[in-house]
Amino acid sequence: MTSTLPPIVQAVSGAIGSASANALVYPLDLITSRIQLEKSPRRQNPIHILRDIVDHHGLSALYTGLSPDTIATLLSNFFYYYFYSFFRSLVLRKQGSSGKKVKPALSIVQELALGLIAGAASRAISTPLNIVTLRMQNARDEDQSDTSSDESSDVSSDAEDNGSASSLSGVVKDIYEREGLVGFWRGFKTTLLLCLNPSLTLAVYQLCMRVILLPQTRRLRSAGKTAIINPSPGQAFIGGAVASSIASTILYPLILAKIRVQASSTLSDNFLDVLREAYSGKFNERRHHGYGAPLASDDTPSFSDVVKEKVPVEEVYEAQEKAVHEGKGRALHARKARPTGLAAVYQGLEMQILKGFFGQGVTFLVKRRIEQLVVDAYVRRYLRR
């Protein structure tokens with residue numbers, strides 16, 4: 001159940017809890033965003049993505065973008081819990097002053113409405129940092145694929161450009177130059193809809209707590225007591241984890257659309273267009289041009305070799321034709337393997353649930369533990385008087 005502590009205490013404890021959980025599950029968040037943006041089904045395996053990141057960039061790359069994301073998490077959750085608890089206390093106070101003998105309680109609709117208002121206010125503040133984080137998370141992956149397709153003479157210059165482009169200042173500069181200030185709030189319309197996510201999570205969390213604490217509540221009522229029961233940190237972890245899993249499953253198509261819109265400056269800003277593209281499998285066609293593969297690999301003879309009198313022209317024709325046919329075959333295989341329908345709209349759901357399960361669980365656990373410490377400190381201070 002929601003804490004009865006002052007809004008500022010809930011805001012601080014919620015922000016610290018969210019930042020702690022964010023740092024703990026950040027590699028999962030990075031892998032999840034890669035899966036959500038990956039166009040090739042063969043590269044959507046979490047183990048493959050993890051190994052690819054570590055092999056190319058080292059273990060530190062698993063925390064690329066952690067700093068701005070932590071700041072965004074602190075700001076977003078501080079304002080979210082502050083606004084939510086503040087408005088909630090106002091509504092309960094108003095209901096309590098209505099003269100009813102029954103203890104005031106909010107309905108699910110009221111919980112969702114309060115969460116939506118609090119979420120909109122907090123996301124307006126944190127969205128720019130979320131977009132910067134997402135671009136940083138995927139900058140290295142795009143750079144790696146770009147440089148691997150270039151000729152060796154261009155690799156060094158590209159690497160220098162990509163290195164600066166994947167830094168915090170480089171990403172901020174790139175967004176501003178391409179899209180202006182509005183680029184930092186790209187996809188905000190979808191983000192507003194996703195404000196239902198924390199409110200739905202909190203509403204489901206309230207239901208979970210009522211179920212978990214029902215035996216204790218019944219014992220107190222049978223004894224004629226009306227004391228407020230607060231969940232333990234362990235109970236808060238279970239409730240938060242289950243609530244996040246349910247909310248993520250319900251709203252996942254919007255989560256996928258938001259990630260794809262904010263990660264790219266070329267996709268439509270309309271989340272319905274993005275979802276239609278995902279459903280039809282067209283998002284996965286963006287990687288494929290022409291036959292879906294280079295006409296020739298680095299060791300395939302070219303016509304420059306004929307000029308240099310290295311190979312006869314007949315051999316070049318034969319090698320080029322073989323490369324074209326191989327490219328057609330790879331493109332056809334990739335086209336058949338591309339996910340479409342609901343499978344494409346829910347691409348990466350498993351990792352999203354895993355991330356949310358541990359992330360929200362730890363958030364509510366740490367939040368509840370901090371609130372307990374505050375209450376204990378207040379009680380000790382009160383008893384000394």
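How many helices and how many strands does the protein have? The predicted model shows 15 helices and zero strands. The chain holds 385 residues, and buried residues make up 44% of them. Contacts reach across the sequence. Among those between residues at least 6 apart, 80% join residues at least 24 apart. The accessible surface comes to about 20,700 Å². Carbon and sulfur atoms account for 60% of that surface.

Two helices were compared with the span expected of a straight helix. Helix α8 covers residues 196-212. At 1.5 Å a residue, its 17 residues should span 24 Å. Its end C-alpha atoms are 24 Å apart, which agrees. Many residues of α8 are buried, among them Asn197, Ser199, Leu200, Thr201 and Tyr205. Cys208 and Met209 are also buried in this helix.

Helix α1 gives another result. It runs over residues 7-37. A straight helix of 31 residues would span 45 Å, but the end C-alpha atoms of α1 span only 37 Å. The helix bends by about 65 degrees at valine 25. A proline, proline 27, follows within four residues of that point. Helix α1 is mostly covered, with 24 of its 31 residues buried.

Threonine 127 offers a view of the interior. This residue lies in helix α4, which comprises residues 108-148. Its relative accessible area is 2%. The cut-off for a buried residue is under 20%, so threonine 127 counts as buried. Which residues does threonine 127 contact, leaving aside its neighbours within four places in sequence? The partners are Phe184, Trp185, Phe188, Thr191 and Gln262.

The surface carries a nonpolar patch. Ile238, Val242, Ile246, Ile250, Leu354, Phe357 and Phe358 form it, with about 540 Å² of accessible area together. Helices α10 (233-263) and α15 (349-384) each supply at least two of its residues. Helix α10 gives the most, with four residues. Isoleucine 250 is found in α10.

Charged pairs were examined next. Side chains of opposite charge can pair when their charged atoms come close. The structure holds six salt bridges. One of them joins arginine 178 to aspartate 174, with the closest N and O atoms 3.1 Å apart. Both residues lie in helix α6 (residues 168-179). They are four residues apart, so about one helical turn separates them. Arginine 178 is exposed, at 59% relative accessible area. Aspartate 174 is partly exposed, at 29%.

Helix α15 also carries salt bridges. Lysine 367 and glutamate 371 meet at 2.6 Å, N to O. These two residues are four apart in α15, about one turn of the helix. Glutamate 371 forms a salt bridge with arginine 368 as well, and here the closest N and O atoms are 3.0 Å apart. Glutamate 371 and arginine 368 are three residues apart in α15, again about one turn. Lys367, Arg368 and Glu371 are thus linked in a network of salt bridges.

Are the members of this network buried or exposed? Lysine 367 has 8% relative accessibility and counts as buried. Arginine 368, at 10%, is buried. Glutamate 371 is buried too, with a relative accessible area of 2%.

Technical notes: Residues numbered from 1 in each chain as written. Predicted model: local features only at pLDDT ≥ 70, side-chain atom pairs only at ≥ 80, totals over all residues. Heavy atoms only, no water. Expected span 1.5 Å × (residues − 1). Bend = angle between axes of the 7 residues up to and from the residue. Buried < 20%, exposed > 50% of the residue type's maximum accessible area, 1.4 Å probe, protein only. Patch = residues over 30% accessible without salt bridge, like charges linked within 9 Å, V, L, I, M, F, W, Y side chains within 5 Å. Areas by Shrake-Rupley, 256 points an atom, 1.4 Å probe, with all protein chains shown as cover. Salt bridge = Lys/Arg side-chain N within 4 Å of Asp/Glu carboxyl O. Contact = heavy atoms within 4.5 Å.
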